[in-house]
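Let's take a walk through this structure together, starting with the whole chain and then zooming in. Keep the 3D view open as you read.

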Amino acid sequence: MKNPVYDDKQQLIGHFVQDKYLKRVALEASDGNTYSVPNQELTRQDEHWVLAKPLSEFVKLNAFRKQQEHVDEMSDESFPASDPPDFTLGKNDPN
């Protein structure tokens, strides 16, 4: 279930899915970005949550994911040049 999150001016800024075992939540903001927010930055008020700080102070997960995808793509393109072969051609028997 998505939970609404508001800023300190009572403006809806997004929603999150809470996981009681995690110390952070992924907040899906109204602007389409997703942010990693520590649980202690959210306070329950009536039927919604309030974020203590502006979203700009938290890590954007979308940017991190795009960066990781780029690194993964570059790594895939460099294979096999960056990896030595698992075997060598030629005679393996020293006798």
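Among contacts in the chain between residues at least 6 apart in sequence, what percentage join residues at least 24 apart? Here that share is 32%. Keep in mind as we go that this is a predicted model.

Let's get our bearings. The chain has 95 residues, and 26% of them are buried. Its accessible surface adds up to about 7,600 Å², and carbon and sulfur atoms account for 52% of that. Seven strands and one helix make up the list of elements. Reading from the N terminus, you go β-β-β-β-β-β-β-α, with the helix at the end.

Now for the sheet. Seven strands line up in the order E5-E6-E1-E2-E3-E4-E7, forming an open sheet with mixed pairing. E5 and E7 sit at the edges with a single partner strand each, so each has one side with no neighbour in the sheet. What holds strands side by side? Strands of a sheet pair through backbone hydrogen bonds, and they can do so in a parallel or an antiparallel way.

Let's look at some of these pairs. Strand E1, residues 3-6, and strand E2, residues 12-16, are antiparallel and share four bridges. If you want a spot to look for, find Pro-4, whose bridge partner in E2 is His-15. E5 and E6 also run antiparallel, again joined by four bridges. In that pair, Thr-43 faces Val-50 of E6. The hairpin made by E5 and E6 has two residues between the strands, and Asp-46 there takes a positive phi near 55°.

Next comes E4, which deserves a slower look. On one side it pairs with E3: the two run antiparallel, with five bridges between them. Glu-28 stands across from Thr-34 of E4. The E3 and E4 hairpin has four residues between its strands, and Gly-32 has a positive phi near 95°. E4 also pairs with E7, antiparallel once more, through two bridges. There, Ser-36 is opposite Val-59 of E7.

How many residues of E4 are buried? Five of the five are, so the strand is largely enclosed by the rest of the structure. In a regular strand, side chains alternate between the two faces of the sheet. Both faces of E4 are covered, with buried Thr-34, Ser-36 and Pro-38 on one side and buried Tyr-35 and Val-37 on the other.

Let's stay with Val-37 for a moment. This residue belongs to strand E4, and its relative accessible area is 0%, which means it counts as buried. What does Val-37 touch, leaving out residues up to four places away in sequence? The list is Lys-23, Arg-24, Val-25, Leu-27, Leu-42, Leu-51 and Phe-58. Glu-57 is 20 residues from Val-37 in sequence, while their C-alpha atoms are 9.3 Å apart in space.

Val-37 also shows up in the largest nonpolar core, a group of 13 residues. Val-5, Val-37, Leu-42, Leu-51 and Leu-55 are the ones that touch the most other members. Elements giving two or more residues to this core are E2, E3, E4 and E6. The largest share comes from E3, residues 24-29, which supplies three core residues.

Finally, let's turn to the charged side chains. There are two salt bridges in total. One joins the side chains of Asp-8 and Lys-9, with 3.9 Å from N to O. Both Asp-8 and Lys-9 are exposed. The other brings together Lys-53 and Glu-41, at 3.5 Å from N to O. That pair links distant parts of the chain, twelve residues apart. Lys-53 lies in the loop between strands E6 and E7, and Glu-41 in the loop between E4 and E5.

Are Lys-53 and Glu-41 buried or exposed? Lys-53 has 37% relative accessibility, so it counts as partly exposed. Glu-41, at 13%, is buried, because buried means under 20% relative accessible area.

Methods:
Residues are numbered from 1 along each chain as its sequence is written. This is a predicted model: local features need pLDDT of at least 70, side-chain atom pairs count only at pLDDT 80 or more; totals for chains, interfaces and linings use all residues. Side-chain values use heavy atoms; hydrogens and water are left out. A salt bridge is a side-chain nitrogen of Lys or Arg within 4 Å of a carboxyl oxygen of Asp or Glu. Buried means under 20% relative accessible area, exposed over 50%, partly exposed in between (1.4 Å probe, protein chains only). Contact means heavy atoms within 4.5 Å. Accessible areas come from the Shrake-Rupley method with a 1.4 Å probe; for residues, only the protein chains shown count as cover. Two strands pair if DSSP finds at least two bridges between them. A nonpolar core is a set of buried Ala, Val, Leu, Ile, Met, Phe, Trp, Tyr and Cys residues joined through side-chain atoms within 4.5 Å.
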